[in-house]
Amino acid sequence: MKRESFVMVHVGQSRESQHNLCHGLKTRSWGFPTSKPEYGSARPRFAVLATGAGPRVPLDVWLTRRINLWLCEVRTSFYEGRAPHWPDEEAENTVKYPVRFGIEPLAIVRDISLDESGPLGLAGSDAIRRSGTERGIGKLCELDPQPLLDAAGIQVDWAQRQYVPLNRAPRFTTEQVEAPKRPGRGAGFISDPKKRKAIELHAENMAVAHYEQQGWTVERLGKPYDLHCTRAREERRVEVKGTTGAATSVELTINEVEHARNPQHAVDLYVVSDIVVDAHSSDYAMSGGRVAHFEDWYPEEEDLRPRRFEYRLPFTD
């Protein structure tokens with residue numbers, strides 16, 4: 001048995017909380033309204049986002065209940081978010097959850113027992129309850145990940161490997177995290193194509209400025225890749241991604257993957273996260289951003305997970 005650091009989070013069942021859960025899972029980010037001293041040195045490997053049971057009950061009552069949870073890998077350390085990101089933040093154009101970290105959802109595990117015989121154990125179960133009594137602020141604890149991996153159907157021997165290949169985790173779909181329907185979407189959804197375009201352009205502008213400062217001549221292409229950089233006899237191709245959330249994972253097309261893997265090209269990945277969006281300006285004014293820069297980038301198979309498939313129909317006359 002090998003124990004790892006977990007951050008345990010209770011997510012309320014109100015419509016606002018469930019919309020934030022949906023948005024956080026889709027954008028691979030989570031956050032809290034206030035920090036805790038232990039966050040400063042914390043390096044959790046996993047996060048559990050749990051919802052479906054009210055926490056304001058005695059421990060003995062809590063242990064008789066069941067809950068749904070998202071098992072996530074933690075992909076960034078705690079950091080101070082400067083950009084409104086969740087729907088309620090963008091609706092008010094303010095940062096309500098500044099203590100943030102990046103997550104990669106691995107699986108949803110439904111109807112889990114909260115008693116000590118369940119995969120959370122007593123320590124994990126009580127940590128979720130205590131999080132719920134403090135507005136969902138995360139509680140740190142140490143657990144053996146194996147029971148949760150087993151419950152999620154992830155076939156990994158944690159004690160031996162201590163790593164979860166993303167392609168072994170259950171396929172993640174947006175339908176699994178759909179928030180309750182509500183009239184009018186309001187601000188905060190990246191499905192807005194104008195906002196999405198503004199975020200991409202801001203990230204691209206930052207990437208262009210970076211390479212030009214390094215003496216490269218930069219040409220914007222868009223397709224089959226974003227930037228073509230030349231310097232003397234050197235050539236470098238750059239994929240650029242931008243988000244208001246954490247730098248956890250990015251969407252790639254099959255063409256982008258195959259292009260990055262082509263040994264004939266030197267390809268970089270330039271990611272700008274925590275971009276500040278003024279949702280109340282007519283043109284979505286952008287500012288700020290945290291940069292993650294990966295030179296000579298090669299997307300490994302174990303770090304990829306398919307979101308959708310092309311299906312070839314049976315032959316018909």
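1. Let's start at one residue: Ser125 sits in helix H4, which covers residues 121-132. Keep in mind that we are looking at a predicted model here.

2. Is Ser125 buried or exposed? Its relative accessibility is 0%, and since anything under 20% counts as buried, Ser125 is buried.

3. What does the Ser125 side chain have for polar company? One of its polar atoms lies 2.8 Å from the backbone oxygen of Leu114. Leu114 also turns up in the contact list of Ser125, alongside Trp62, Leu63 and Leu120, once neighbours within four places in sequence are set aside.

4. Zooming out, the chain has eight helices and 14 strands. Its radius of gyration is 21 Å, and the globule rule gives 20 Å for 317 residues, so the chain is as compact as a globular protein of that length. If you want a box for it, the C-alpha trace spans about 70 × 55 × 45 Å along the principal axes.

5. On packing: 50% of the 317 residues are buried, and Ser125 is one of the buried residues. Take the contacts between residues at least 6 apart in sequence, and 70% of them link residues at least 24 apart.

6. Now the surface and the charges. About 16400 Å² of the chain is exposed, with carbon and sulfur atoms supplying 47% of that area. The charge tally is 43 positive side chains against 46 negative ones, and the centres of the two sets are 3 Å apart.

Note on methods. Residues numbered from 1 in each chain as written. Predicted model: local features only at pLDDT ≥ 70, side-chain atom pairs only at ≥ 80, totals over all residues. Heavy atoms only, no water. Helix = DSSP H or I, 4+ residues; strand = E, 2+ residues; numbered from the N terminus. Rg over C-alpha atoms; globule rule 2.2 N^0.38 Å. Buried < 20%, exposed > 50% of the residue type's maximum accessible area, 1.4 Å probe, protein only. Contact = heavy atoms within 4.5 Å. Areas by Shrake-Rupley, 256 points an atom, 1.4 Å probe, with all protein chains shown as cover. Lys, Arg positive; Asp, Glu negative; His and termini not counted. Charge placed at Lys NZ, Arg CZ, Asp CG, Glu CD. Polar contact = N/O pair within 3.5 Å; in protein donor to acceptor, adjacent residues only side chain to side chain.
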